[in-house]
Amino acid sequence: MTTPHVPPEWAFEFHAHECPFMPIGYRMGKLALEHLGVGKEPDHGFFVFPELGEGHPQTCMMDGMQVATGATYGKVMMAKTFYGKLAATFFHPTRGAVRYSLLPDFVDAMGGFEFFAFRKRGVEPSQIPLAVRREVIQWVHEQPDEALFKVEARRGFTYAPVKGSFAKTRCATCGEYVFDRYLRSKDGRPACIPCAGYEKTVAVER
Ligand SMILES: [Zn+2]
Ligand SMILES: [Zn+2]
């Protein structure tokens with residue numbers, strides 16, 4: 001095994017199936033942390049901007065990135081660009097940003113594995129024989145980092161997250177709380193987006 005960056009068992013449990021892409025994302029995230037000289041993010045200080053889109057199997061990479069970096073979807077540390085590319089930019093406010101992308105030759109070589117013959121026939125990963133899945137996962141682990149990734153420092157990259165606020169108001173129509181950034185008004189009274197209707201919404205500044 002060439003890479004030390006093999007996902008822990010719980011990562012596969014979280015992801016819910018064994019596939020090659022979650023481990024690739026995990027490795028990408030681990031290498032990006034090393035490159036930027038930081039550890040797994042416990043709170044809200046590390047961001048990942050995957051360029052993946054939807055409707056292609058490689059999106060599994062994003063679960064691995066979250067596991068490795070702690071920059072999770074739930075903490076709103078991850079935002080997709082929807083470029084439909086096999087890449088991601090990792091950003092730390094003081095350490096800078098780095099972009100990792102999968103090399104086309106690696107993607108082509110990987111595409112020759114039986115795993116993809118199943119996927120192209122529409123077979124879901126969990127339904128593919130485990131030996132077929134582990135064959136490609138093992139092969140990926142054996143490839144050196146340089147064979148997988150192009151690495152580019154992104155000098156000047158910057159990102160300003162939304163400022164956190166606990167301010168919330170009860171919607172005058174449904175009575176449920178809505179955070180003030182999302183508050184709208186209906187007949188001059190505070191309303192949530194569904195109660196205000198999705199058209200002609202007016203943000204209330206306070
Ligand atoms: Zn997967
Ligand atoms: Zn409401």
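**Exercise 1. Work out why Gly25 counts as buried, and what it touches.**

Step 1: Count neighbours. Gly25 has 30 C-beta neighbours inside 10 Å, so it counts as buried. The cut-offs: buried takes 20 or more other C-beta atoms within 10 Å of the residue's own, exposed takes 12 or fewer, and partly exposed is in between, with C-beta atoms placed from the backbone.

Step 2: Place the residue. Gly25 sits in helix α2; helices (H or I, at least four residues) and strands (E, at least two) are DSSP runs, numbered from the N terminus.

Step 3: List the contacts, meaning pairs whose C-beta atoms, placed from the backbone, lie within 7 Å. Skip the neighbours within four places in sequence, and Gly25 is in contact with Cys60, Met61, Met62, Asp63, Gly64 and Met65.

A note on the model before going on: it's predicted, so local features need pLDDT of at least 70 and side-chain atom pairs count only at pLDDT 80 or more, while totals for chains, interfaces and linings use all residues. Residues are numbered from 1 along each chain as its sequence is written, and chains are lettered from A and ligands numbered from 1 in the order in which they are written.

**Exercise 2. Find how covered helix α3 is, and by what.**

Step 1: Go through residues 61-69. For α3, 9 of 9 residues are buried, including Met61, Gly64 and Thr69.

Step 2: Look around the helix. The cover over these buried residues includes α1 (9-15), α2 (21-36), β1 (47-50) and β2 (87-92).

Step 3: Check the direction. α3 lies across β1 and β2 and runs at about 170° to β1; axes here are lines fitted to C-alpha atoms, for helices over the stretch in contact, with angles from 0 to 180 degrees between N-to-C directions.

Step 4: Step off the end. Gly70, just after α3, takes a positive phi of about 80°.

**Exercise 3. Say which residues touch the most other members of the largest nonpolar core.**

Step 1: Build the core as a set of buried Ala, Val, Leu, Ile, Met, Phe, Trp, Tyr and Cys residues joined through C-beta atoms within 7 Å.

Step 2: Rank the members. Of the 37 residues, Met28, Val48 and Met61 touch the most others.

Step 3: Sort by element. Two or more residues each come from α2, β1, α3, β2, β3 (96-102) and α6 (130-142), and α2 gives the largest share, 8 residues.

Step 4: Zoom in on Val48. Leaving aside neighbours within four places in sequence, its contacts include Met65, Thr69, Met77 and Phe90.

Step 5: Look for anything left over. There's a second, separate core of 6 residues, with Cys171 and Val178 among them.

**Exercise 4. Lay out the sheet and explain why β1 and β4 have a free side.**

Step 1: Order the strands. The open sheet has 4 of them, β1-β2-β3-β4, with antiparallel pairing; two strands pair if DSSP finds at least two bridges between them.

Step 2: Look at the edges. β1 and β4 (149-153) each have a single partner strand, so one side of each is left without a neighbour in the sheet.

Step 3: Get the twist. Neighbouring strands are turned by 20° against each other on average, direction ignored.

Step 4: Zoom in on one pair. β1 and β2 are joined by 4 bridges, and Phe49 has Thr89 in β2 as its bridge partner.

Step 5: Add the helix. α2 packs on the sheet and touches β2, β3 and β4, its direction making about 145° with that of β3.

Methods:
Two residues are in contact if their C-beta atoms, placed from the backbone, lie within 7 Å.
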